[in-house]
Amino acid sequence: MSSADPEHHEEEEIHAGEDEDTGAQVAPIVRLEEVAVSTGEEDEDVLLDLKSKLYRFDKDGNQWKERGAGTVKFLKHKSTGKVRLVMRQSKTLKICANHLIIPSMTVQEHAGNEKSCVWHANDYADGELKAELFCIRFASIENCKSFMEMFQEIAESQKGKEENKDATAAADLLENLSVKEKAEAERKDTEDKDTEKKETEKEDTLKKETEKEDTEKKETGRKDAGEKGDETSSSSA
């Protein structure tokens, strides 16, 4: 094909036009601003982070159903020290497990599979507490063992917190009882004082009335005696 070919010449002009910089600046139609996205994990430290696949046992169908594949984490709250298990799906980041690790929990190897383990939990992934039986599968036996060991270690560590919580609650209860008893004693003491004061006032009033009656009787007696004396003097005259 010769250089005079019109199609070839047109292509050269098009390419030349594409490479040419006109210096023009085009403002974007929509200006996008950075938006801070909260994961709800900002106040927590990651204790474990492993890729895995999660299943839940469907009681109605009597079978295991996949919840999702992604990353499972143990997250420890910086203030309370509580630890929760959270798992999100890889692509959508949808939560497929979200529950606290409590002392009563246990995890065990899934029968016939050293890469899997199972446990019961009250899960909140769907926005409401629901009793679930979970099974999780890892890519290696080592990862499964790491998960199980960390799970049991966390559950054991939470026992002390629960005991301290119970002891604190008991102390608070005793303190509240003491405060109530003290308030009750003060109220009773006040009532006793009021009753004693009223009794004293009543006795004083009764005493004054008695003294008044005695005085009036004496006055009446003296008056009667005077009148009799006058009558005797008149008779003698």
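## An antiparallel sheet and its nonpolar core

N62 counts as exposed, with a relative accessibility of 59%; the term exposed applies over 50% relative accessible area, buried under 20%, and partly exposed in between, with a 1.4 Å probe and protein chains only. The model is predicted, so local features are given only at pLDDT of at least 70 and side-chain atom pairs only at pLDDT 80 or more, whereas totals for chains, interfaces and linings use all residues. Residues are numbered from 1 along each chain as its sequence is written, and side-chain values use heavy atoms, without hydrogens and water.

**Overall organisation.** The chain holds 2 helices and 7 strands, in the order α-β-β-β-β-β-β-β-α from the N terminus. Helices (H or I, at least four residues) and strands (E, at least two) are DSSP runs, numbered from the N terminus. Of the 237 residues, 21% are buried. The exposed surface of the chain is about 18400 Å², of which carbon and sulfur atoms supply 50%; such areas follow the Shrake-Rupley method with a 1.4 Å probe. Contacts, defined as heavy atoms within 4.5 Å, include long-range ones: of those between residues at least 6 apart in sequence, 51% join residues at least 24 apart.

**Confidence.** The average pLDDT, the predictor's confidence in each residue from 0 to 100, is 80 for the chain, and 70% of the residues score at least 70. Over residues 6–17 pLDDT stays under 50, and the model has 2 contacts beyond four places in sequence for this segment. Where pLDDT is low, the predicted coordinates should not be read in detail.

**The sheet.** The 7 strands form an open sheet in the order β4-β3-β2-β1-β7-β6-β5, with antiparallel pairing. Strands β4 (95–100) and β5 (107–109) are at the edges; each has a single partner strand, so one side of each lacks a neighbour in the sheet. From one strand to the next, the twist averages 30°, with axes taken as lines fitted to C-alpha atoms and angles running from 0 to 180 degrees between N-to-C directions. Two strands count as paired if DSSP finds at least two bridges between them. The hairpins below are antiparallel pairs.

| Hairpin | Bridges | Residues between the strands | Residue with positive phi |
|---|---|---|---|
| β1 and β2 | 14 bridges | 4 residues | N62, about 55° |
| β2 and β3 | 7 bridges | 5 residues | G81, near 80° |
| β3 and β4 | 5 bridges | 5 residues | L93, near 65° |

Opposed residues help to place these pairings. K51 stands opposite T71 in β2, K73 stands opposite V86 in β3, and L85 stands opposite H99 in β4. Elsewhere in the sheet, β6 (residues 116–123) and β7 (residues 130–137) pair in the antiparallel sense over 8 bridges, and H120 has L133 of β7 as its bridge partner.

**Loops.** Most residues other than glycine have a negative phi. N62, in the loop between β1 (44–58) and β2 (63–77), has a positive phi although it is not a glycine. The same description, not a glycine yet with a positive phi, holds for L93, which is found in the loop between β3 (83–89) and β4. A further loop residue, N113, lies between β5 and β6 and is partly exposed at 27% relative accessibility. N113 and I141 are separated by 28 residues in sequence and by 9.0 Å from C-alpha to C-alpha.

**Buried residues and the core.** R67 belongs to strand β2 and is buried, with a relative accessible area of 18%. Beyond its neighbours within four places in sequence, R67 contacts L54, Y55, R56, Q89, C96, D123, A125 and D126.

A nonpolar core is a set of buried Ala, Val, Leu, Ile, Met, Phe, Trp, Tyr and Cys residues joined through side-chain atoms within 4.5 Å. The largest one has 26 residues, and F74, L85, I101, W119, I136, F147 and F151 touch the most other members. At least two residues of this core come from each of β1, β2, β3, β4, β6, β7 and α2 (141–236), and α2 gives the most, with 7 residues. Not counting residues up to four places away in sequence, I101 touches F74, V83, R84, L85, F151, I154, A155 and Q158.
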